[in-house]
Amino acid sequence: MSIIQKTATEQLALLRSGEITSVELTQAYLNRIHQVEPAIGAFLRVESEAALTQAAEVDRKRETGEPLGKLAGLPVAIKDILCTKDTPTTCGSKMLENFVPPYNATVVEKLQAADAVILGRTNMDEFAMGSSTENSAYHPTQNPWDTSRIPGGSSGGAAACISADMAPLSLGTDTGGSIRQPAALCGCVGLKPTYGRVSRYGLIAFASSLDQIGPLAKTVEDVALLMEVLAGHDALDSTSVDTPVPAYSGSVHQPLESLTLGVVNQHFGAGIDAEIEAAVKQAIATYTSLGATIKNIEMPHADYGIATYYIIAPCEASSNLARYDGAHYGYRTDHAELVEDGTDEGPLVRMYRKTRSEGFGAEVQRRIMLGTYALSEGYYDAFYLKALKVRRLIRQDYDNAFGEVDMIIGPVTANAAFSKGEKTSDPMAMYLEDLYTVTANLAGVAGISLPCGFTKSGLPIGLQLQAAPFQEEKLLRAAQMFQNATDFHTRRPEL
Amino acid sequence: MSDAPYEIVIGLEVHVQLKTNTKLFCRCSTMFGSPPNTQTCPVCLGMPGALPVMNKKAYFLGMKTALALHCGIPKFTKWDRKNYFYPDLPKGYQTSQFDLPMSEEGYLDIQSTKDEFEPRRVRIIRAHLEEDAGKSIHDEVAGKGDSRIDLNRTGTPLLEIVSYPDMRSAAEAKVYMQELRLLLTYLEVSDCNMQEGSLRCDANVNLHIPTENGVIATPIVEIKNMNSFRSVERGINYEAKRQYDVWQETGKILGELPKQTRGWDDSAQVTRAQREKEESADYRYFPCPDLVPVVVTDEQIEEVRSGIGELPSGLRQRLESDFGLSTYTSDVIVNQGRALVDYFLELAATCGDHKLAGNWIQGEVLRILNDQEISIDEFKLTPSQMAELLRLVQAGDLDSSKAKDVFTAMLESGQSAADVVEDLGIERVDEGALEDLCRMLIERNQRVVDDVKGGNEKAVGALIGQAKKENPNVNPGQVRQICLDIIKNI
Amino acid sequence: MSLTRQDVEKVALLARLRFDDAELDKITEHMVQIVQYVDKLSELNTEEVEPMAHALDIHNALAEDELRPSLLRDEVLKNAPKHDGEYFLVPAVLGE
Ligand SMILES: [Mg+2]
Ligand SMILES: [Zn+2]
């Protein structure tokens, strides 16, 4: 077994024992990237030189016995939505093609403090808006299990680079399912932490009240390892919560005794693919065999999740993306374009409108339009305010559920990875991809996606577990129990 | 009072820059006058991914001000985004407060020292926190060339104080602004420097015009850019006349035209229509998801309230009732700020004659402060030095003109009153000797006696002049009184 | 709820976007479709429900008023599409 096929936890042990160096490990990944990236397109930029320099520095520190961080020498790929000082950060958009942040996201600082080696920037749907990574302004990403299919999104690059063994660990963000859905479609593990668990400082906002940064990896214990570094209070993020961070990687192997799992009937209604349903039901049976109690629970407002989400997220986005106007940074339309154009608008308004129409892709513009409309005079109450109220009802559904069960178990997606281009002309069909994932973001609860099977055609199927706020530790332990009993996570695509 | 054929109705929106070291949502400096774009960071530049964190001091300075304005402080308050595009607003929205402001329903009492209007209570709708925008500098020829943007001021904490339309004249509006500024100065919550923009005022103005068919109201106009007390007064008066003329011409009344925004052009002394926006304003307010609400307890509110100290209105009353000062004198002293009031209180206590102390401060001391453009902190004489001088006046050792000479000499030399009196050779004249002198002068001046007897008491002035020539130390008031008494008894 | 092409044009101005005729047709069609879908929320009676703007019930994240270094001006302006070394430059704010 080659070194890159091992888990991050195994690699870390080898680094610690001196059997491999970080330079060797990093170089092995760079070689793998060189080999398979042309077929996958998981990265927007591979930072080979910087990564090798960092790796050499970690090796030097280890040799001289200097104190090392928790991820010392492990390569990590970063979704191109996290600001990194003096390194281009594009958010998958033409708008930020030349943007070089003068500061680091808090999680980037944490990775650096943990002595992780940053491998490069992964591809994504522009401004994290999408479920297929086809909305990247640069290129699409292919699903490593079938390169004619999408890897999911918006963290499609983050998931694809894991399943194609191009990185052991990666960072994604999840606003409505953007970690869990690509993890499911690419056959890896992805955690969306509780809202407020990981600092959003430096995460380029899509919908501020829903966005969370989270880890992706091949296994649950690798996810726990990275999560331990990411989590924690940050004074720079007002919505960050100050509660202790458990040692996730230490406790992940302790099975939970007397685990009660809730099954939501609506999750298995019309629309779910039969193979997915069968795999998830089999996973539920696995838990039963591990001693878990299964309970049917009601989430009466689950079916309103998408509608609620597709009001709140665009509303926040329309405001969050107002800053991209060509005035202070980012793309600005060619000045020559600003001559009189027959409208009665002044030069500044013409600059704004041209810049934004040229700099944003169609999906981003669509959501800005939706949000602007839903917040505008006369529509606020019917759309935005209404959605905030239904959001409360969804949260109450969760509160009631977690009064009865420890976790909710169910599918991540209704279908396995779909073909490229299949849903690009039908936004509503694309939005329904998030059916099972958006409610966790609306309620702020934690959710994890892990491999639980394959379709007959060999595409991965994901299992979702959701837990009450700040119950990541239990969530990871429960997921690990499943992984101990199954081998879906060990399978890799042929590339 | 105005005899115009209309009543002006005025509500003011005042923006006060709160005295913090750092901005409302980041820790960049709020210092005025730094080179452009040197006081900015990812947060106030609105860079992708940057997040705001509320300045605690700004919140509590806001609360202190609101409490001094008798506002109620809701236990729960939150922040909202006001969305609009403008290059001095790098995020594309201003973080402000919409439906749940940090304070509501207060008032400020105003009165005119010049009897321009009856005392009035101006009610406050709300005072809320928000961030300031940056500065845009436009090309001389509008529409040509680029505008230059400086974001140093972006994110500076402002308290917006919104009044009800309770004022009825430009003079009231001006006094409201002056009284508000004074209050803010006493509270030490703002520098209130109008030139530097730390106190700014927009006015909503319309007219109530009595007609045969009852009173009509003209459309409301918001006047911006009034950057001094004088321009507040002039801007509103100009706008009132303009609205009246327009109404006479067009007959348009409230509701028939949208609210208009006009800018006050101080050099031309006119209000001008500001360029209409491309669309009617639709700010799409919604709760800022990046900031969390603030919840306060009664204890916190009471703690802030207890730190407020004595305010101008209370002090004026105290100087009148406890110190016997006239309304005018107490007004003058209080309006100069807390430091002068403290000076007065110390002087009054040391010299014992409150009225004398008040008059001297209102007169001589203030004259020096104004002439030298200094504050009382920079004034050379301590209250105890001043008290020594006033005790000489009280004792009759110095008449008022001599005392002023001594005062001037004290300021120049820094000597004590006693030393100056000695240096100037001022001696107290014995009362017996003074009476002898007066009798001698009366004998020499029969015409003065006749004039006085004929009812012209002023004629006695000639004797005072002669007495001064004989002995420069005589007290003119005393001479006058003695002479009049002697003449009456002749 | 009906959403016309004219409505969409107005929203485009508010959002500072511009669409040509073909784009306007398409985005109007998409918006109508999405608005119709999200309108399913009107099925729910939410009269007694408190709106929920934040995922978590947290409050009072306040920072001390302590100065931190700002960015150097070169760093501030280096991302600007146009600047003069001191100021950001933007097309004339005022109309002609
Ligand atoms: Mg305001
Ligand atoms: Zn700043």
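These are my notebook entries on a predicted model, covering one interface, one helix pair and some salt bridges.

**Entry 1: how chain C meets chain A**

I started with the area. Chain C and chain A bury about 5,700 Å² between them, and 68% of that is on carbon and sulfur atoms. I quote the area because the size of an interface is often given as the accessible area lost when the parts come together. For the residue count, I got 53 from chain C and 76 from chain A.

Which three residues of chain C supply more of its buried area against chain A than any other three? I found Arg18(C), Leu41(C) and Met52(C), with 14% of the area that chain C buries there.

**Entry 2: polar links across that interface**

Next I looked at charges. Chain C and chain A have 3 salt bridges between them. I looked up the one that Arg18(C) forms with Glu345(A), where the closest N and O atoms are 3.3 Å apart. So Arg18(C) turns up twice in my notes: in the trio that supplies 14% of chain C's buried area and in this salt bridge. For polar contacts, the rule finds 20 residue pairs across the interface, both residues being at pLDDT 80 or more.

Then I asked which elements of chain C are involved. Helix H1 (5–14), helix H2 (21–38) and strand S2 (88–91) of chain C each supply at least two residues to the side that touches chain A. H2(C) gives the most, with 8 residues. Sorted by class, that side of chain C has 36 nonpolar, 7 polar and 10 charged residues.

**Entry 3: a helix pair inside chain A**

I moved on to helix H4 (residues 106–113) and helix H7 (residues 220–230) of chain A. Their axes are 9 Å apart and they pack at an angle of about 110°. Angles of 65 to 115 degrees count as roughly perpendicular, so H4(A) is roughly perpendicular to H7(A).

Which residues meet here? From H4(A) I listed Val107(A), Lys110(A) and Leu111(A), and from H7(A) Leu226(A), Val229(A) and Leu230(A). The contact divides into 5 nonpolar residues, no polar ones and 1 charged.

**Entry 4: salt bridges overall**

Over all chains I have 57 salt bridges. I picked out Asp80(A) with Arg45(A), whose closest N and O atoms are 2.9 Å apart. Asp80(A) lies in the loop between strand S2 (75–79) and H4 of chain A, while Arg45(A) is in strand S1 (residues 43–46), so the pair ties together parts that are 35 residues apart in sequence.

Conventions:
Residues numbered from 1 in each chain as written. Chains lettered and ligands numbered in written order. Predicted model: local features only at pLDDT ≥ 70, side-chain atom pairs only at ≥ 80, totals over all residues. Heavy atoms only, no water. Axes fitted to C-alpha atoms, helices over the stretch in contact; angles between N-to-C directions. Helix = DSSP H or I, 4+ residues; strand = E, 2+ residues; numbered from the N terminus. Parallel < 35°, antiparallel > 145°, perpendicular 65-115°, else oblique. Contact = heavy atoms within 4.5 Å. Nonpolar A, V, L, I, M, F, W, Y, C, P; charged D, E, K, R; others polar. Buried area = accessible area lost by both parts, 1.4 Å probe. Salt bridge = Lys/Arg side-chain N within 4 Å of Asp/Glu carboxyl O. Polar contact = N/O pair within 3.5 Å; in protein donor to acceptor, adjacent residues only side chain to side chain.
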